[in-house]
Amino acid sequence: MREAMIASDRPFQITALSPILSVADVERAIAFYCDYLGFTQRFLMPDTSYGIVELQGHPLHLSRPEDPSILVPAQNQSCIYIAVTGIEALWAQIEAAKPPTRVFPLSDRPWGMKEFGVIDPDGCLIRVGEAS
């Protein structure tokens with residue numbers, strides 16, 4: 001295991017860690033995360049270049065990049081992992097919502113997790129898991 005290379009005599013604590021996803025259309029991404037995955041919209045820039053959605057207090061930032069080549073899958077493959085409890089209930093909600101994108105069904109994985117996945121409109125894999 002690799003040790004931290006930064007020594008600090010002034011201890012700090014991380015208060016939040018929020019992914020920022022590059023998306024082609026922030027409003028479309030907000031609608032997808034809210035309509036199909038249960039997030040709530042928290043913020044949208046007036047020019048619609050940046051937005052924030054939240055699920056149970058955990059924010060996800062959505063940003064339209066200045067360079068659209070960032071969105072080419074061969075150059076940027078994003079993935080988010082969400083650890084949950086009660087995965088069967090969440091899976092039932094996702095299944096009922098019928099996202100218009102690719103969905104990977106709930107299954108027991110060899111590494112001791114139950115997981116499912118959903119691809120968002122910009123190709124980001126949202127993988128959800130719970131310890132079996």
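## Basis and burial

A residue is called buried when its relative accessible area is under 20%, exposed when over 50%, and partly exposed in between (1.4 Å probe, protein chains only). By that definition, 30% of the 132 residues in the protein are buried.

The structure is a predicted model, in which local features need pLDDT of at least 70 and side-chain atom pairs count only at pLDDT 80 or more, while totals for chains, interfaces and linings use all residues. Residues are numbered from 1 along each chain as its sequence is written, and side-chain values use heavy atoms, with hydrogens and water left out.

## Elements and extent

The protein contains 2 helices and 8 strands, taken as DSSP runs (helices H or I, at least four residues; strands E, at least two) and numbered from the N terminus. Their order from the N terminus is β-α-β-β-β-β-α-β-β-β. The C-alpha trace spans about 50 × 45 × 30 Å along its principal axes.

## The open sheet

Of the strands, 4 form an open sheet with mixed pairing, in the order S5-S8-S7-S6; two strands pair if DSSP finds at least two bridges between them. S5 (79-83) and S6 (103-108) are the edge strands, each with a single partner, so one side of each has no neighbour in the sheet. S5 runs parallel to S8 (residues 125-131), with 5 bridges between them. Within this pairing, Ile 82 is bridged to Val 128 in S8.

Helix H2 (residues 87-97) packs on the sheet and touches S6, S7 (113-119) and S8, where contact means heavy atoms within 4.5 Å. The directions of H2 and S7 make about 25°; axes are lines fitted to C-alpha atoms, for helices over the stretch in contact, and angles run from 0 to 180 degrees between N-to-C directions.
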